[in-house]
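Visitor: I should like to take a close look at a single part of this structure. Please guide me through its nonpolar core.

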Amino acid sequence: MDQFWFYFKLGLTHVLDLSAYDHILFLVALTVPFTFKDWKRVLWLVTVFTIGHTVALVLSSYNVVSIRVDLVEFLIPVTILATALFNLFTAGKGARKEKLGVTFFVTLFFGVIHGLGFSNYFKEIIAGQESKLWPLIEFGLGVEAAQVIIVLLVLIFSFIAQSIFRFNKRDWILIISSIVIGFVIPMLRETYPY
């Protein structure tokens with residue numbers, strides 16, 4: 001049970017680490033277009049992201065895939081920027097209703113990119129372990145729990161902004177997505193692989 005809590009907490013802190021806030025920014029951009037009535041859809045998106053993240057860690061841990069660290073470090077803010085820009089261009093154009101559409105596949109792909117960004121560090125942590133699969137699953141559960149926390153917070157803030165402070169939903173999406181872009185632009189400059 002100690003091993004479970006170790007990897008679960010590692011997954012939690014991986015997402016909730018305020019000094020490495022790229023994961024949080026992505027979740028904010030992913031969640032801001034939705035409201036509490038869309039909770040099932042948001043939960044599916046977050047779970048799809050976790051699956052992509054975990055698949056990348058599995059492929060990396062078993063040496064199936066290897067990718068340049070500097071390229072992945074640049075692609076992570078690109079995924080955040082793409083999500084926020086998508087919000088800017090689609091804000092106010094109606095609810096996103098497709099069952100298993102482009103949004104899910106893009107979220108899965110973005111999860112893979114984010115997972116690859118953590119893969120080298122994670123490989124060092126599980127080096128020498130007989131079974132790598134359980135630590136990967138335990139870590140993934142921690143990531144999922146942390147993401148649900150962030151999504152819940154974003155939905156609460158969105159509810160407060162739209163119902164108490166009377167922000168128009170479209171304006172709220174535009175404001176939050178623009179703030180996310182403001183945070184991401186310096187990250188793109190810092191990580192650009194020269």
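Guide: The following account describes the core and then turns to two loops. The model is predicted, so that local features require pLDDT of at least 70 and side-chain atom pairs count only at pLDDT 80 or more, while totals for chains, interfaces and linings use all residues. Residues are numbered from 1 along each chain as its sequence is written, and side-chain values use heavy atoms, leaving out hydrogens and water.

A nonpolar core is a set of buried Ala, Val, Leu, Ile, Met, Phe, Trp, Tyr and Cys residues joined through side-chain atoms within 4.5 Å. Buried means under 20% relative accessible area, exposed means over 50%, and partly exposed lies in between (1.4 Å probe, protein chains only). The largest nonpolar core holds 49 residues, among which Ile80, Phe122, Phe139 and Val180 touch the most other members. At least two residues of this core come from each of the helices H1 (2-16), H2 (22-31), H3 (39-61), H4 (69-90), H5 (102-126), H6 (133-164) and H7 (169-191). H6 gives the largest share, nine residues. Helices here are DSSP runs of H or I with at least four residues, numbered from the N terminus.

Val180 offers a closer view: apart from neighbours within four places in sequence, Val180 is in contact (heavy atoms within 4.5 Å) with Leu25, Val28, Ala29, Ile80 and Ala84.

In the loops, Asn63 lies between H3 and H4, and its phi is positive, near 55°, although the residue is other than glycine. Asn63 counts as exposed, at 57% relative accessibility. Arg166 is in the loop between H6 and H7 and has a positive phi of about 60°. Arg166 is exposed, with a relative accessible area of 67%.
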